Amino acid sequence: MADDDSSVKMRLRRPKDGPRGPIGRLWARWWVKALVVLAVLAGIAYAVFFALFMRDLPSVDKLTTYEPPLPTNVRGNDGMPIHSYARERRVELSYDEYPPLLVRAFLAAEDKTFFSHHGVDYFGVASAMWDNLRSSKRARGASTITQQVAKNLLIGNEHSYARKVREAILAFRIEDTLSKQKILELYLNQIALGRNAFGVQAASYAYFGKDPSQLDLAQYAYLAILPKGPSNYDPDRHAERALARRHYVLKEMLDNGFITQEQYAQADAEPLGTVPRQTPKTEVAGTGYFVEEVRRQLIDKFGEDAAGGPYSVYAGGLWVRTSLDEKLQDYAQTALRNGLLRYDRGRGWAGPITHVEIDGDRWQSALLNTNIGLDFQDWRAAIVISVGGGEAQLGFANSETGTLPASGAQMPVRGVGGTAFAALKPGDIIAVAPEGSGFALRAIPKVSGAFVAEEPSTGRVLAMQGGFDFRLQAFNRATQAMRQPGSTIKPIVYAAALEGGMTPASVIVDGPYCVYQGARLGNKCFRNFGNQGGSGSHTMRWGVEQSRNLMTVRAAAQTGMPKVVSLMDRIGVGKYPPYLSFALGAGETTVSRMVNAYTILENGGKAHQPTLIDFVQDRHGKVIWPENWRGCEGCNAPDWNGKAMPRPQSRGKQVVDPLSAYQMVHIAEGVVTRGTAVVLRDLDRPMFGKTGTNSGPTDVWFIGGTPQIIGGLYIGYDTPKSLGGYAQGGTVAAPIFKEFAIKAYEGLPKIPFRAPAGIRMVRIDRQSGKPVFGAWPTDDPKSAVIWEAFKPESEPRRVFKRGEPLDPAVAAAAAAAARAKAAQQADQQQNRRDSDFLQREGGIY
């Protein structure tokens, strides 16, 4: 029995003490279990750490292709800068373009151990943590330049310890990906330094008006203090604080061996030397309307912000070449302004530009908030601070003050009476100009208008002025104001008549003309300007030169108004219903459209859309618009290189018969020679054009020019009202164009308008339109005999009665003329063969 018990006990103990596998024996050890627990805890900790700090971290690879937001730079047709569109003023430089001493100043101020750490300065972190534990103020950071790059470009500026951890992780990754020089380049190009300057290059100009290469050590040190808080070290409000911080940076540069003791002492003794803060404005005065229209077109094409795409206007760094000619823009602006002032002179003061409420002594901020300025001669925008004692105290945007004596504001108040001085109130914003020891009041014209100049062969807009002053009102009347063009529409009406078979010598009755419009409207009877009656039958030419309404509506009726409005549509003036009143300019259009329509007539009926932008390049110089753009290689070569001449591609579309277009231009030359625009005749060059005066008159116009430049303008009130019965296109608008043309055409060759193949120049009697054989045209503008342009087989001919014997002398002359014509045709045929051969061989043409 005892043996049985022993055997049972032995069997029960054997499984417990028997041999185990290697894993079992290893797991039996306590330290293995501890390691497993630690590994699990580490895994959990990593998962938590990943979820809190690493899950949404951006890729550092973005920095290898990072492109900072850059302004769009606009240039004129000569390549010179005229404007830039920017919310962040920035110029991107490579690391090698920054002066070494400037780089050392930023290292001394921000990260002395930059070239020795790997993204995080551990000693700096420990020091900051100790300071933060001892202080209840906002936590002090210890960010390296690498961490600041991570913050600024990848994760944002949230103030939290979580952000600092994420920032440190990214700093390690950035150091593994980019070189130290590339990191510094990103930092120096991106950092915000105040005065709307981002990056050191932009800040250098904002604070000192110089390139970084032109600054000295003290100025480098001042720029280096700004990343800590530009507003804290504003040179105007906190100059002492800025000097103290600059001293610290210079001392750090000395202690780190970046500069010598002599350099330190000299720089530390210098004043700040900053320039006054300047309100961003158009770089080239007088281009406001033009560059604003360019901005609208660019935004329509590329978008406004970076979210809209890589080529956005305010972040894409575009380089825009425009067609603006600065000299022509100045001439157009000056001529229009002078014309507006001439018309408005003597009508009195129309009141302040605007009125604002002044809060105590804060008149300067009230003035600045209006963003009102003046860009005309020596005029300035001022706010009336107080009125009393026979003078008004004035304040200006730059904080200066002045006085306006009562004697300087004696003009009457328009429509009210009394003097302008008596009407002044504190808070009025007015225009003044220096006079004596004070200032004198100036009147901004209430009447307005627009001027456009265009190159007919290309459609490039060379100048655009949309009002008196862009800084007063940005509304661009050249492209946005819809006005009735009056008689300037007539050349287009007559061009349709010429296409329909009429000739410049066609006789049209200048007499009463009425149209039945139905039972409700009854008869519509047209009249000439000034209610003048008819004068009988005259040629089309005479009707255009004298701007006779009755002849125009007869020509339109004979041609058919559907054909007339169809041409108005094709030529870009507008889409109108086929009513006769539109033949006299009742349809609304813009100055820009009308000028372009006249360029089409001058260009042989070939249309080019008016363009302000020649081409757009991205920040790397690639042309991105127009699509499929190709430069004209060799077009500007100083001399022929012996190869085929370059041939710029013509993109024009033929919208008017070229023969009809030339006939209309040739007729409109007579408007300048002896018609309603005769004031331009003494310019003494081939020129065509047409004046316009609509009902009221509410607007007066002139459109015209030479083969090199076509210009046009209108004058009228923004809220249409009568300009006065004496105001006409020939007396108000044409003189403005003349003032422009005197300077614009100076030095240009006198080029005649080019007739297309097929035009026949025939001597006719100017009054009757009949052919003349025994006399020749003279230089007298009112010569009885003139050259007239006809299409083939449309010219008037001498008529003989049947059976009437032909005079032998006439017969001989006719035979000689026939032989000469045959010889001429033979020569032309030979010349055509020669020309074809040269073209096939790529020769000169």
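Two strands count as paired if DSSP finds at least two bridges between them. Strands themselves (E, at least two residues) and helices (H or I, at least four residues) are DSSP runs, numbered from the N terminus. The structure described here is a predicted model, in which local features need pLDDT of at least 70 and side-chain atom pairs count only at pLDDT 80 or more, while totals for chains, interfaces and linings use all residues. Residues are numbered from 1 along each chain as its sequence is written, and side-chain values use heavy atoms, with hydrogens and water left out.

The protein chain contains 25 helices and 24 strands. Of its 845 residues, 45% are buried, a term that stands for under 20% relative accessible area, with exposed meaning over 50% and partly exposed lying in between (1.4 Å probe, protein chains only). The chain exposes about 42900 Å², of which carbon and sulfur atoms supply 53%; accessible areas come from the Shrake-Rupley method with a 1.4 Å probe, and for residues only the protein chains shown count as cover. Contact means heavy atoms within 4.5 Å. Among contacts between residues at least 6 apart in sequence, 68% join residues at least 24 apart.

One open sheet has 5 strands in the order β11-β10-β22-β21-β20, and its pairing is antiparallel. Its edges are β11 (461–465) and β20 (688–693); each has a single partner strand, so one side of each is left without a neighbour in the sheet. On average, neighbouring strands of this sheet are turned by 5° against each other, direction ignored; axes are lines fitted to C-alpha atoms, for helices over the stretch in contact, and angles run from 0 to 180 degrees between N-to-C directions. Strand β10 (residues 448–454) pairs with β11 in the antiparallel sense over 4 bridges, and alanine 453 has alanine 463 of β11 as its bridge partner. Helix α15 (residues 326–344) packs on this sheet and touches β10, β11 and β22 (710–716), its direction making about 30° with that of β11.

A further open sheet of 5 strands follows the order β2-β1-β3-β17-β18, with mixed pairing. Here β2 (81–85) and β18 (623–625) stand at the edges, and each has a single partner strand, so one side of each lacks a neighbour in the sheet. The twist averages 30° from one strand to the next. Strand β1 (residues 72–75) joins β2 in the antiparallel sense over 4 bridges, with arginine 75 opposite proline 81 in β2. Helix α14 (residues 288–302) lies across β1, β2, β3 (319–322), β17 (613–617) and β18, and runs at about 45° to β2.

Strand β5 (residues 380–388) pairs in the antiparallel sense with β6 (residues 391–395) over 5 bridges, and valine 384 stands opposite leucine 394 in β6. The hairpin of β5 and β6 has 2 residues between the strands, and glycine 389 takes a positive phi near 65° there. Strand β5 also pairs with β8 (residues 428–435), again antiparallel, over 4 bridges; in β8, isoleucine 430 is the bridge partner of alanine 382.

The structure holds 1 disulfide, defined as a pair of cysteine sulfur atoms within 2.5 Å. Cysteine 514 and cysteine 525 form this bond, with their sulfur atoms 1.9 Å apart. The torsion about their S-S bond is about 105°, so the disulfide is right-handed. Cysteine 514 lies in strand β13 (residues 513–516) and cysteine 525 in strand β14 (residues 523–526), 11 residues apart. Cysteine 514 is partly exposed at 41% relative accessible area, and cysteine 525 is partly exposed at 39%.
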